[in-house]
Amino acid sequence: MTSADKPFVVIGGGISGMAAALVLAKFGFSVVLIEKRKQLAPTIRGFSRQGTNFDTGLHYVGGLQPDGPLTRYFSFLGLSDVPFTNLCQNCFDRIRFADRAEDIQLPVGRDAIIDYLSGIFPDDRHFISSYYHQIQNLFDSSGFLNFKGNFRDATNAACKQESLACVVDKGTQNPILRTVLSIHSLLYGVSPEETPFIQHARVAGSYLEGVKTVAGGGKILASSFENQLAKSDVTCSCGSAVTAISYDHAGVNGVVLEDERFVPAAGLLFTAHPSILPKLLPDGAIKPAFSRRLLSLEDTISSHTLFCSCDSEIPSVQGNNLFVCLKTGIYHAFRPDCRLDDGPFYVSRRVPDNLVTPMNQSGLIIFAPGNIREYGEWADSKTGQRPEAYRIFKRRRMERLLEIFLRHCPEFKKIRVLDGGTPLTNRDYLGAPLGGLYGTKHSLNQFSPLPATKIPNLWMAGQSIIAPGILGAVISAFVACGFIVGMEKLQAELRKCI
Amino acid sequence: MTDQEIVQKAYTALAQEFELDISQMNPETRLREDLGLDSLDYVDMVVVLEQAFGVKIGKDPELTSVRTLGDVHEFILNKKRALEKIQ
Ligand SMILES: Cc1cc2nc3c(=O)[nH]c(=O)nc-3n(C[C@H](O)[C@H](O)[C@H](O)COP(=O)(O)OP(=O)(O)OC[C@H]3O[C@@H](n4cnc5c(N)ncnc54)[C@H](O)[C@@H]3O)c2cc1C
């Protein structure tokens, strides 16, 4: 087989792997997409318990206004049929504080947020306005988010950067406002103290406009991807993990699967958790320095999760998300010794796919911070086979979470808990070695891996590479494909979708 | 740690982590041309030095002007002096 007939292999069938497979197919590559779980898109597919449907990995996204970045990427990928629906325009995020009578209700739109918050915090109105304008400017300054600019070389430019905490703490003394302006760090799982402000702006900025969710949940987006992959002749292989990458002096030449199949490869894009890559490569393929760096990257926040059902509507999570802050400030949530009792909690209810869907089928999820270290003694156990001691510990944790949550949110007292998750559950379902929800941290304290590697035909993509979340994962796929097919060629094709 | 010990420690760590021949390493050695380290390796080099010396270097703009192993010593010694001043 010559390299011309060999396919291009993509490891990992998440958002980034599926998006990259579609882009490469569009540029004429024959692509094999390999996912270790039984179905593609396990992170966002969700699941059901006793007839109630739950979303994992996708609760809400921004940037879906008609000329928004995600709209354009999805249109390029042929995913324009996904039934996105608006969250409530007057309040897409509700923020509750234990010591404040009224909830904060964030509306969609930069100017609407500025007006609303300036009304509540009149003394801080100048800072509020400058904060959101800075966010918008930094967001627009990225060629990947604002297509008018150029795709710039996506390097970890060596420059001194300010943290989100630094910007917010300098701007206001008000502890409630500080919390409100940094609450979205929970959407990427890194403390404001170590998040570069520019990174925050590029995630939070996407939620200023086009804030939507998928009616019917993440599995609808997953099946839209599946249809498009089939139409594009991408070969998908699910249910068997890549266990080794085969390599010779010229670069990667194929991959070995768990079921012992060998798939030849002209090039390889790796999209799973970065710490998995060195374990798949033969000795000598990468320098010890690179391997050590990938293995020592810190993970984003982990969680305890309650999966619940409720027969009736609950107005505080109707078309919006709810954040519950038990303490003002959120830095504590990211510390290794964070306590369940200190919150914050994030609550989201699935938007049904049509009006006749009974309310009890729309699952409600409550997240609280968690740390896998607390579960160290059961680290060797697997989902479904965990020892009794773990189950008792987990049950206590879940009961405690529910008790504290209901104390602050009594309108939820009719919910029924159907299942629960711990950082170990996240680890096993998300393929995240330390149970992190959003891959490895994009932090002032560490260098995120880049799309290109020293192996000429091996690239990396995924939420840990450029930016987190659905939008970040999609962008990472486009950047990596830009390295593979040529950045300018790709950008020219993307511009045609505007 | 004396300056000489610091230089020795940096060489050993870099040689090990980038599989280099320590006998070929001296202050004039150019990272790019002689050792074949490119911009992708620079980030790994920072992490190696951070781990070897237990200091935080992070995304320091001064790193962009590091060209030779001599520049690397200079950079680390400066860091060390800056740290000693703080302590
Ligand atoms: C609970 C939760 C809620 C979230 N909510 C939101 C939200 O509301 N909005 C938003 O924008 N983002 C959200 N996110 C983040 C978003 O889901 C992720 O950023 C995104 O799905 C990541 O996609 P990815 O392709 O980078 O990674 P992944 O989805 O992790 O894809 C990597 C794939 O590689 C596979 N794999 C691993 N090892 C191997 C191997 N050896 N061989 C083959 N395959 C392998 C894995 O099974 C996995 O499917 C949420 C995440 C979580 C966990």
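A nonpolar core is taken here as a set of buried Ala, Val, Leu, Ile, Met, Phe, Trp, Tyr and Cys residues joined through side-chain atoms within 4.5 Å. By that yardstick, the largest core in this predicted model runs to 85 residues. The residues with the most contacts inside this core are A:F74, A:L77, A:F225, A:I245 and A:V255. Helix α14 of chain A (residues 469-485) puts in the largest share, with 12 residues. A second core, separate from this one, holds 49 residues, including A:I128, A:V168, A:L181 and A:A333. As a rule, nonpolar side chains in soluble globular proteins tend to be buried together.

A:I245 gives a feel for the packing in the larger core. Setting aside neighbours within four places in sequence, A:I245 touches A:I11, A:V252, A:G254, A:V255, A:L268, A:L277, A:L280, A:L281 and A:P282. One of these partners, A:V255, is itself among the core residues with the most contacts.

Now for chain A as a whole. Its secondary structure amounts to 15 helices and 19 strands. With 498 residues, a compact globule would come out with a radius of gyration near 23 Å, and the 22 Å of chain A agrees with that. The C-alpha trace stretches over about 70 × 55 × 50 Å along the principal axes. Buried residues account for 58% of chain A, and of the contacts with a separation of 6 or more, 71% link residues 24 or more positions apart. About 20100 Å² of surface is exposed, with carbon and sulfur atoms supplying 50% of it. As for charge, chain A carries 51 positive and 46 negative side chains, and the centres of the two sets sit 1 Å apart.

Away from the cores, A:K231 belongs to helix α9 (residues 218-231). A:K231 has a relative accessible area of 65%, so it counts as exposed. Its C-alpha atom lies 32 Å from that of A:A250, a residue 19 places away along the chain.

Chain B is built from three helices and zero strands, in the order α-α-α. For its 87 residues, a compact globule would have a radius of gyration near 12 Å, and chain B, at 12 Å, agrees. Its C-alpha atoms fill a box of roughly 35 × 25 × 20 Å. Buried residues make up 49% of chain B. Among contacts between residues at least 6 apart in sequence, 54% join residues at least 24 apart. The accessible surface is about 4800 Å², 51% of it from carbon and sulfur atoms. Chain B has 10 positive and 17 negative side chains, with the centres of the two sets 7 Å apart.

Terms used. Residues numbered from 1 in each chain as written. Chains lettered and ligands numbered in written order. Predicted model: local features only at pLDDT ≥ 70, side-chain atom pairs only at ≥ 80, totals over all residues. Heavy atoms only, no water. Helix = DSSP H or I, 4+ residues; strand = E, 2+ residues; numbered from the N terminus. Rg over C-alpha atoms; globule rule 2.2 N^0.38 Å. Buried < 20%, exposed > 50% of the residue type's maximum accessible area, 1.4 Å probe, protein only. Contact = heavy atoms within 4.5 Å. Areas by Shrake-Rupley, 256 points an atom, 1.4 Å probe, with all protein chains shown as cover. Lys, Arg positive; Asp, Glu negative; His and termini not counted. Charge placed at Lys NZ, Arg CZ, Asp CG, Glu CD.
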